[in-house]
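The following exercises are to be worked with the sequence and the coordinates at hand. Each task is followed by a solution in steps.

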Amino acid sequence: MVDIDSQFPTGFDPFSEAKDSDDSGTPGAKEYVHIRIQQRNGKKSLTTVQGLRKQFSYDKILKDLKKEFCCNGNVVQDKELGKVIQLQGDQRKNVSQFLINANIVKKGQIKIHGF
């Protein structure tokens with residue numbers, strides 16, 4: 001009797017190196033920074049930023065965002081999403097422009113969600 005495993009070659013994935021790489025500078029990388037707005041109560045809203053690389057200091061980015069836009073905010077640790085920056089108010093356009101100008105992300109890597 002012939003062993004079935006020996007008849008079929010092992011699966012070779014030519015893109016396995018690209019999946020393991022954390023470098024977002026590689027062409028075709030699908031690492032996006034998501035900027036969302038959440039409605040709290042009434043006119044109050046909350047802007048969340050997720051998907052920044054782990055090499056960045058979230059606290060320093062938050063400090064600069066708060067100072068630039070005169071709003072309050074904090075960094076929240078989520079089980080599934082990792083670290084998420086939260087800011088008061090609708091700061092979607094401001095945050096995206098700030099991240100592009102500070103060379104943290106490129107324009108094509110930002111996804112803005114909301115109404």
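**Exercise 1. Disulfides**

Determine how many disulfides a search of the whole structure finds, and state the situation of C70 and C71.

Solution. A disulfide is taken as a pair of cysteine sulfur atoms within 2.5 Å. By that criterion, the search of the whole structure finds 0 disulfides. For C70, the nearest cysteine sulfur is that of C71, 7.9 Å away, and C70 is in no disulfide. C71 is likewise in no disulfide. For accessibility, buried means under 20% relative accessible area, exposed over 50%, and partly exposed in between, with a 1.4 Å probe and protein chains only. C70 counts as exposed, because its relative accessibility is 72%. C71, at 13%, counts as buried.

The model is predicted: local features need pLDDT of at least 70, side-chain atom pairs count only at pLDDT 80 or more, and totals for chains, interfaces and linings use all residues. Residues are numbered from 1 along each chain as its sequence is written, and side-chain values use heavy atoms, with hydrogens and water left out.

**Exercise 2. Strand pairing**

Identify which strands pair with β1, and in which sense, parallel or antiparallel; then treat β3 and β4 in the same manner.

Solution. Helices (H or I, at least four residues) and strands (E, at least two) are DSSP runs, numbered from the N terminus. Two strands pair if DSSP finds at least two bridges between them.

- Step 1. β1 and β2 (residues 45-50) are antiparallel, with 6 bridges. H34 stands opposite Q50 in β2.
- Step 2. These two strands form a hairpin with 5 residues between them, and G42 in the turn has a positive phi of about 65°.
- Step 3. β1 also runs parallel to β5 (residues 110-112), to which 3 bridges join it. There the bridge partner of H34 is K111.
- Step 4. β3 (residues 73-78) pairs with β4 in the antiparallel sense over 6 bridges. D78 stands opposite G82 in β4, and a hairpin of 3 residues joins β3 to β4.

**Exercise 3. A residue of β2**

Establish whether T48 is buried or exposed, and list its contacts outside the local sequence.

Solution. T48 is found in strand β2. Its relative accessibility is 8%, so T48 counts as buried. Contact means heavy atoms within 4.5 Å. With neighbours within four places in sequence left aside, T48 is in contact with H34, I35, R36, Q38, V84, I85 and Q86.

**Exercise 4. The nonpolar core**

Find which elements supply at least two residues of the largest nonpolar core, and which of them gives the largest share.

Solution. A nonpolar core is a set of buried Ala, Val, Leu, Ile, Met, Phe, Trp, Tyr and Cys residues joined through side-chain atoms within 4.5 Å.

- Step 1. The largest core has 18 residues, of which V49, L52, L65, I85, V95 and L99 touch the most other members.
- Step 2. At least two residues each come from β1 (33-39), α3 (58-69), β4 (82-88) and α4 (92-101). The largest share, 5 residues, comes from α3.
- Step 3. Beyond neighbours within four places in sequence, V95 is in contact with I35, V49, L65, F69 and L87.

**Exercise 5. The two sides of α4**

Explain why the buried residues of α4 lie on the same side of the helix, and state what covers them.

Solution. The buried residues of α4 are R92, V95, S96, F98 and L99. They cover an arc of only 160° around the axis, and therefore lie on the same side of α4; the arc is that of the directions from the helix axis to the C-beta atoms. An α-helix has 3.6 residues a turn, so residues three or four places apart point the same way. K93 and N101, on the other side of α4, are exposed. The cover of the buried residues includes β1, β2, α3, β4 and β5. N103, which follows α4, has a positive phi near 60°.

**Exercise 6. A salt bridge and a loop glycine**

Locate the salt bridge, and describe the surroundings of G89.

Solution. A salt bridge is a side-chain nitrogen of Lys or Arg within 4 Å of a carboxyl oxygen of Asp or Glu. The count by this rule is 1. The side chains of R92 and D90 form it, at 2.9 Å from N to O. R92 is buried at 14% relative accessibility, whereas D90 is partly exposed at 40%.

G89 lies in the loop between β4 and α4 and is partly exposed, at 22%. Apart from neighbours within four places in sequence, G89 is in contact with S45, L46 and T47. The C-alpha atoms of G89 and T47 are separated by 6.3 Å, although the two residues are 42 residues apart along the chain.
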